Amino acid sequence: MYIEINLHKKKWLVYGIYNPKKSEISNFLSILSKNLDNDAPKYDNIVFLGDFNAEFEEDGLSDFSEMYGLKNLIKATCFKSIENPFSLHCIDLILTNRPNWFQNFD
């Protein structure tokens with residue numbers, strides 16, 4: 001789902017993201033890429049918020065972000081794996097091409 005927000009005479013394209021299964025992240029990013037290829041030329045500012053069910057460093061997510069000039073603002077969320085209950089993972093992300101417009105994310 002996505003919406004357009006006009007803020008201080010700037011148009012933002014904001015996507016609400018939910019990828020239900022980690023195993024489907026590649027297909028999910030492919031669909032997202034097609035949508036972004038159509039929509040990105042109309043917007044200078046883009047934000048993706050939501051549950052990707054994949055960490056930023058894996059499964060093509062960092063490649064997708066690099067291709068569109070997106071940075072991840074979130075470092076860790078409270079997801080703990082069954083195998084290692086003391087490690088934090090980041091599957092809920094905020095990706096944007098304007099990271100300097102945001103502050104206080106950790």
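In the predicted model, Ile-3 stands opposite Val-14 of strand β2. A further facing pair is formed by Ile-5 and Trp-12, the latter again in β2. These pairs belong to the antiparallel arrangement of β1, which covers residues 2-7, with β2, an arrangement that extends over six bridges. The two strands form a hairpin with two residues between them, and within this hairpin His-8 adopts a positive phi near 55 degrees.

On pairing with β3, the sense changes: β2 and β3 run parallel and are joined over seven bridges. Tyr-15 is placed opposite Phe-48 of β3 in this pairing. The connection from β2 to β3 passes through α1, and the resulting β-α-β crossover is right-handed. In general, the strands of a sheet pair through backbone hydrogen bonds, in either the parallel or the antiparallel sense.

These pairings form part of an open sheet of five strands, in which the order is β1-β2-β3-β7-β4 and the pairing is mixed. The edges of the sheet are occupied by β1 and β4 (71-72); each has a single partner strand, and therefore one side of each lacks a neighbour in the sheet. At the β4 edge, the partner is β7, to which β4 is joined by two bridges in the antiparallel sense. Lys-71 has Thr-96 of β7 as its bridge partner.

Considered as a whole, the protein chain contains two helices and seven strands. Read from the N terminus, its elements follow the succession β-β-α-β-α-β-β-β-β. Of its 106 residues, 40% count as buried. Among contacts in the chain with a separation of 6 or more, 61% are accounted for by residues 24 or more positions apart.

The largest nonpolar core comprises 19 residues, of which Leu-32, Phe-48, Phe-52, Leu-61, Phe-64 and Leu-95 touch the most other members. At least two residues of this core are supplied by each of β2 (10-18), α1 (25-39), β3 (45-51), α2 (61-68) and β7. Helix α1 provides the largest share, with five residues. Another core lies apart from this one and consists of six residues, including Val-14, Val-47, Ile-74 and Ile-94. Val-14 of this second core is also the residue that faces Ile-3 across the β1 and β2 pairing, whereas Phe-48 of the largest core is the residue opposite Tyr-15. In soluble globular proteins, nonpolar side chains tend to be buried together.

Polar residues were also examined. Ser-33 is located in helix α1 and counts as buried because its relative accessibility, 13%, is under 20%. Beyond its neighbours within four places in sequence, Ser-33 is in contact with Phe-64, Met-67 and Tyr-68. Ser-33 and Met-67 are 34 residues apart along the chain, and their C-alpha atoms are separated by 9.5 Å. One of the contact partners of Ser-33, Phe-64, is among the residues that touch the most other members of the largest core.

Asn-97 is found in the segment that follows β7 (92-96). With a relative accessibility of 19%, Asn-97 likewise counts as buried, since the limit is 20%. The side chain of Asn-97 is engaged with the backbone at two positions. A polar atom of this side chain lies 2.8 Å from the backbone oxygen of Asp-44, and the side chain also reaches the backbone nitrogen of Ile-46 at 2.7 Å. When residues up to four places away in sequence are not counted, Asn-97 touches Asp-44, Asn-45, Ile-46, Tyr-68, Gly-69 and Leu-70. Tyr-68 thus appears among the contacts of Asn-97 and among those of Ser-33.

The structure holds one salt bridge. This interaction joins Asp-39 to Lys-42, with 3.9 Å between the closest N and O atoms. Asp-39 counts as buried because its relative accessibility is 9%, which is under 20%.

How values were computed: Residues numbered from 1 in each chain as written. Predicted model: local features only at pLDDT ≥ 70, side-chain atom pairs only at ≥ 80, totals over all residues. Heavy atoms only, no water. Helix = DSSP H or I, 4+ residues; strand = E, 2+ residues; numbered from the N terminus. Buried < 20%, exposed > 50% of the residue type's maximum accessible area, 1.4 Å probe, protein only. Polar contact = N/O pair within 3.5 Å; in protein donor to acceptor, adjacent residues only side chain to side chain. Contact = heavy atoms within 4.5 Å. Core = buried A, V, L, I, M, F, W, Y, C linked by side-chain atoms within 4.5 Å. Pairing = 2+ DSSP bridges. Right-handed = clockwise from strand over helix to strand, strands pointing away. Salt bridge = Lys/Arg side-chain N within 4 Å of Asp/Glu carboxyl O.
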